[in-house]
Structure formats: C-alpha cells, structure tokens
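Q: I would like to learn how to read the sheets, cores and helix packing of a model like this one. Where should we start?

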Amino acid sequence: MQIVTTHKNTDFDALASVIAATLAFPGTLAVLPRTLNANVKAFLSIHKDLFETLTAAEVPFEKVSRLIVVDANSWGRLERMEALKDRADLDLWVIDHHRDAGTIAARRRIVEAVGATTTLLVRELRAARKVLTPMQATLFLAGIYEDTGHLSFPSTRAEDAYAAAWLLERRADLDILNRFLRPAYGERHKAILFRMLEHARRTRVNGLRISIQRTPVEGQLDGLAVVMRMYMEILGVDAAFGIFHDPAAERAMVIGRSQSDGLDVGAVLRRLGGGGHPRAGSAHLRHLSPEEIERRILEIIRQGGRGAVPVADLMSYPVWTVSPATPMEEAAALLREKGITGIPVVDEGRIVGMISRRDFRKVRKPAQLRAPVRAFMANGIVTVPPEEDVQEAARLLVKHDIGRLPVVKDGRILGILTRSDVMRYFYDLLPD
Ligand SMILES: [Mn+2]
C-alpha cells in the first residue's frame, strides 16, 4: 500500500499536491490531516465527493510500504505519521519546494525552489500524459496561485507560469478558483483589524519599516493572514508581524507578511519554528509571552536582515566636482566627457549644490553657458552617510524625485549613489 500526505493546516498547494500525486502515481491513497485551512475546508465541503481521501486514523500503517510526503519536509508538520518514522523498510519520498533541509530523510527527493509544490507534480502529470478533468485542473491551479500570489511573489519561477498555462488549457475555472481563494473575512476579522490599526506602531530595523502587533485573540480563528496583509498595506510598511495570542491557552500564532525584497519573513519565522516564503510565513508558539516573541522577532531581523546593504557598497566613485563659479559650459563638458548625469557643486570642501543634465534645460540663450553653475544648480542637496542602507536611499530618491545622492562623511564626499546603482542592486545585477 502506498499513501501520500501533507502538512497540517493544509492549504491549496498542499491539497492540490496530494490529489495530483494520486494521479501521477497510480495506486496511491490520499491521506489528509484533520486540520485544513479555512479556504480548503470551504472548498472540500462542496467538492469532497470528487476526491477520495482518508484520515490518518483510517490507515492500516502496518500495510504501508511507501509514503509520499508533499509540500512538507519535516515529520513535525505531518499528522500522526509517527508509526512510520522509524521503519527501515519504508520507501519514503519527499516532493517539496521549501528551501530548508527538513527532517525527513527520503530515498527519493523531488525538491526544487519553485513557487508551488503543485508545479513539481504538474511536471509529473505532463510527463505521464495524464488527462485532467476541469475540476482537477482548477484545484491544481488554485494550489499554484495561492503559493505564488497569482504568479506575483518573487519566489515564482517560469515553470510555475508554464504549469498554470497548461492547467488553463485543461479548462481550469477561474470563477470557481477565485471564489475559494478569496479568503474568509468577517466581523471578527474587521474588529481585529480596527484594533490593530488603533494600536499601530512602526519601527525601523536595518532600514526597513516594520510593524509588530500583539493582539489577543480568544480561541480558534482562521483567516488572520488576510487581516495581516490588509494591515501591512494600510500602514504602508515593508513588513508586518502579527502576534495573535490566546491568553487563556498560553499559545500564540505569529503571521508575517512582507512587501519588500529586503526581508524574507519565511526565513524569520523558520527561526521561530514555523515556516513560509519570502513574502508570507507563520509560526505557532507555546509558553512564550507576546512581548518575548516580539523581542525575538526583532532580534532575528537585526541579525540577518538582507536590507542591511550599505550604500558605500554600491556607490560610484571617484566623484568629480565643480565649484559654484565654474561656468556652465565647463560643467557640460565634464558631464559629457565622464558620461555622468550630475556633478556635485563644492565650495571650500562643502557640498552646496548639484548640477545635472536636467538643469541645462533651463539654459535658454548661448550666453548663459558662460554663467556660473551657481545660477542654475539645485540647492538643498539631500545626502546620505556611507552606512545608510540601500532601501532607505531608494526611498529618498523617490521622495525627493532626484537622480543621485552624494554619500558624505564628516562633510567630505566619498561617492555618489545614482538611480542606476540602486536599480542594479534591486535587479540583482551586481557583479559577484
Ligand atoms: Mn506550498
């Protein structure tokens, strides 16, 4: 007997992967945990008859010769599979897209950092030339869309999009999919969101704007991830963490959401025993006060935030400068010769302005080219210290609508951070 199972609090990627595995590897029985997330629960309440599934309690474990684990890689996330854990004769497979090593030592591993585990199973289905029903295609597409944020999360790979296209060709139904992917948001969620907004606080860590919220929630409540996402967007922070604690039960659920490449919330929450992806993650914690959880989250971000790239690592140098008395035509020649778009104007070692190609548009008559740059330069120059991080520098460029930031230490210009320096960083075009 061979079975396939997945993680507790099963989401669409997990459910889709389980069902796809039963098709890709005929003779495999689907075993689902009893805890399903709210969307999947709603979906199965209507579609249950289409999919044959068992619970762990119904499995005669002594007859199981092969266990396929999908969308998970650690024993702790599975439900009631302890009976199989130490069986030497068990043929164990893991099919997963999580980046951490996990605790399951599988004989066969299909583990790749694609956006959704379902994508890896679609690959198997295509190779086996399986015919799908529109309903199966819809479920599998829901799995891919959920984990890739409709193909928009940075974790999305080209193969996720190819798999999605293949499923649309097999008549995946976007109406049905949107109905079930639309998460439950009710009165309780609204009340929690209002409370969180009332108590909203922002902090800066490694140049990132972060908000951490401690919110008491009694009993079980699904769908808090949606609340977190709205909270993050309304506050306009780079990342937000919600610590939803049940005072009576001494347990807390932490949900993290990020909208910046500068912080991988999945990595942060893995350090707390949870998991997730760069933009979304969660962790369940027991016997830790909300204050202590907040302290640990901040500590982890401080230690490892990728947002801590200082502008000194990215800036261009050496820097050419002109004095306020330099004629415009000389400045123009320098811009042309050096192939740059702006030059700081320096007076007695102090930066007093910036003359850029844009300023030459103000020149109307040829005679003005003999005028000093002082007459045309931009004043009130925004500068950054060398240890400022690139996220903050990028914000300054946008906020002041400028193309470059002089990097200044003790009044001396060390370099210039241009818009293209920042772009090279964000598009990962930096030389290694
Ligand atoms: Mn997944």
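A: Start with a sheet, and keep in mind that this is a predicted model. One open sheet is built from 6 strands in the order β7-β8-β9-β10-β12-β11, and its pairing is mixed.

Q: Which strands are at the edges of this sheet?

A: They are β7 (203-205) and β11 (275-277), each of which pairs on one side only. From one strand to the next, the twist averages 20°.

Q: How many bridges join β8 to β9, and in which sense do these strands run?

A: Strand β8 (residues 208-216) is joined to strand β9 (residues 239-246) by 7 bridges, and the two run parallel. For a single pair, take isoleucine 212, whose bridge partner in β9 is phenylalanine 241.

Q: What is the strand order in the open sheet with parallel pairing?

A: That sheet also has 6 strands, and the order is β3-β2-β1-β4-β5-β6. Its edges are β3 (53-54) and β6 (108-111); each has a single partner strand, so one side of each is left without a neighbour in the sheet.

Q: How many bridges pair β4 with β5?

A: Strand β4 (residues 66-70) and strand β5 (residues 91-96) pair over 5 bridges in the parallel sense. Within this pairing, valine 69 stands opposite valine 94 of β5. Helix α4 (residues 117-127) packs on the sheet and touches β4, β5 and β6. The direction of α4 makes about 115° with that of β5.

Q: How should I read the nonpolar cores?

A: In soluble globular proteins, nonpolar side chains tend to be buried together. Here the largest nonpolar core has 50 residues, and the members that touch the most others are Val18, Ala20, Ala21, Val69, Phe140 and Leu141. Helix α1 (residues 12-24) supplies the largest share of this core, 9 residues.

Q: Which residues does alanine 21 touch, leaving out those up to four places away in sequence?

A: Alanine 21 touches Val4, Thr28, Ile68, Val70, Ile95 and Leu121. Apart from this core lies another of 33 residues, which includes Val205, Leu224, Leu269 and Leu285.

Q: At what angle do helices α13 and α14 pack?

A: Helix α13 (residues 390-399) and helix α14 (residues 419-426) pack at about 135°, with their axes 11 Å apart. Angles over 145 count as roughly antiparallel and 65 to 115 as roughly perpendicular, so α13 and α14 are oblique to each other. The crossing of α13 past α14 is left-handed.

Q: Which residues make the contact?

A: On α13 they are Val390, Ala393, Ala394 and Leu397, and on α14 they are Arg419, Val422 and Tyr425.

Technical notes. Residues numbered from 1 in each chain as written. Predicted model: local features only at pLDDT ≥ 70, side-chain atom pairs only at ≥ 80, totals over all residues. Core = buried A, V, L, I, M, F, W, Y, C linked by C-beta atoms within 7 Å. Buried ≥ 20, exposed ≤ 12 C-beta atoms within 10 Å, placed from the backbone. Helix = DSSP H or I, 4+ residues; strand = E, 2+ residues; numbered from the N terminus. Contact = placed C-beta atoms within 7 Å. Pairing = 2+ DSSP bridges. Axes fitted to C-alpha atoms, helices over the stretch in contact; angles between N-to-C directions. Parallel < 35°, antiparallel > 145°, perpendicular 65-115°, else oblique. Left-handed = near helix turned anticlockwise from the far one by under 90°.
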